[in-house]
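Reader: I am new to this structure and would like a close look at a single part of it. Please take the first strand and the loop that comes after it, and set them against the rest of the chain.

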Amino acid sequence: MKVETKPARCKECGLCKANCPKGAISFSEHTNAAGYHPAVINDELCIACGICYTVCPDGVFHVLGKEA
Ligand code: SF4
Ligand code: SF4
């Protein structure tokens with residue numbers, strides 16, 4: 001499985017980064033249309049546990065290969 005993001009939805013609240021067990025989330029140096037630095041996943045570190053998907057209040061994450 002793999003996790004993808006929808007950067008336009010991110011409000012840079014930091015919940016995903018604080019809860020990722022693998023330290024796989026950082027913030028982009030670029031801003032989205034709303035002026036936030038969206039969360040970015042390091043695919044080398046991500047184990048597709050789905051925690052970021054669970055904690056994000058803005059529906060940024062999608063776990064591919066798993067029915068929601
Ligand atoms: S799926 Fe799990 S390991 Fe991957 S970025 Fe989200 S919280 Fe981190
Ligand atoms: S939890 Fe969602 S809105 Fe908050 S920083 Fe992470 S991706 Fe962005």
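Author: What follows starts with the whole chain, then turns to the first strand, the loop after it and the places these touch.

The model is a predicted one. The protein chain holds two helices and four strands, and read from the N terminus the order of the elements is β-α-β-β-α-β. The radius of gyration of the chain is 11 Å, close to the 11 Å that the globule rule gives for 68 residues, so the chain is as compact as a globular protein of that length. Along the principal axes, the C-alpha atoms fill a box of roughly 30 × 25 × 15 Å. Of the 68 residues, 19% count as buried. Among contacts between residues at least 6 apart in sequence, 63% join residues at least 24 apart.

Now the strand itself. Strand β1 covers residues 2–5, and its side chains alternate. V3 and T5 point to one face and are buried, while K2 and E4 point to the other face and are not buried. The partner of β1 is β4: the two strands pair in the antiparallel sense over four bridges. Within this pairing, K2 stands opposite L64 in β4.

On the buried face, V3 is worth following. Leaving aside residues up to four places away in sequence, V3 touches I41, C46, A48, C52, Y53, F61, H62 and V63. V3 also belongs to the largest nonpolar core, which has 12 residues in all. The other members are C10, C16, C20, A24, I25, A39, I41, C52, C56, V60 and F61. In soluble globular proteins, nonpolar side chains tend to be buried together.

One of the contacts of V3 is A48, which is found in the loop between β3 (39–41) and α2 (51–55). A48 has a positive phi of about 55° although it is not a glycine. With 18 C-beta neighbours inside 10 Å, A48 counts as partly exposed, because a buried residue needs 20 or more.

The end of the chain also comes back to the start of β1. G65 is found in the segment after β4 (61–64), and, not counting residues up to four places away in sequence, G65 touches M1 and K2. G65 has 8 C-beta neighbours inside 10 Å and so counts as exposed. In another direction, the C-alpha atoms of G65 and H30 are separated by 28 Å, with their positions 35 residues apart along the chain.

Next comes the loop between β1 and α1, in which R9 lies. R9 is partly exposed, with 17 other C-beta atoms within 10 Å. Apart from residues up to four places away in sequence, R9 touches D58, G59 and V60. R9 and D58 are 49 residues apart in sequence and 6.2 Å apart in space, C-alpha to C-alpha. G59, another contact of R9, has its place in the loop between α2 and β4. G59 counts as exposed, with 10 C-beta neighbours inside 10 Å. The C-alpha atoms of G59 and K6 are separated by 7.9 Å, although these residues are 53 apart along the chain.

E12 is also in the loop between β1 and α1 (15–19). Phi of E12 is near 60°, a positive value in a residue other than glycine. E12 is partly exposed, with 18 other C-beta atoms within 10 Å.

E12 is one of the residues around ligand 2. The others are C10, K11, C13, G14, L15, C16, A39, V55, C56, D58 and V60. By class, this shell has eight nonpolar, one polar and three charged residues. D58 and V60, which R9 touches, are thus named again around ligand 2. C10, C16, A39, C56 and V60 of the shell are also members of the largest nonpolar core.

The loop leads to helix α1, where A18 has its place. A18 counts as exposed, with 9 C-beta neighbours inside 10 Å. The C-alpha atoms of A18 and G35, 17 residues apart along the chain, are separated by 21 Å.

Ligand 1 can be set beside ligand 2. Ligand 1 is surrounded by 13 residues, of which C20, C46, C49, I51 and C52 are the closest. Its shell has 11 nonpolar, one polar and one charged residues. C46 and C52 also appear among the contacts of V3.

Technical notes. Residues are numbered from 1 along each chain as its sequence is written. Chains are lettered from A and ligands numbered from 1 in the order in which they are written. This is a predicted model: local features need pLDDT of at least 70, side-chain atom pairs count only at pLDDT 80 or more; totals for chains, interfaces and linings use all residues. A residue is near a molecule or strand if its C-beta atom, placed from the backbone, lies within 6 Å of it. Ala, Val, Leu, Ile, Met, Phe, Trp, Tyr, Cys and Pro count as nonpolar, Asp, Glu, Lys and Arg as charged, and the others, Gly among them, as polar. The radius of gyration is taken over C-alpha atoms; the globule rule is 2.2 Å times the number of residues to the power 0.38. Two residues are in contact if their C-beta atoms, placed from the backbone, lie within 7 Å. A nonpolar core is a set of buried Ala, Val, Leu, Ile, Met, Phe, Trp, Tyr and Cys residues joined through C-beta atoms within 7 Å. Two strands pair if DSSP finds at least two bridges between them.
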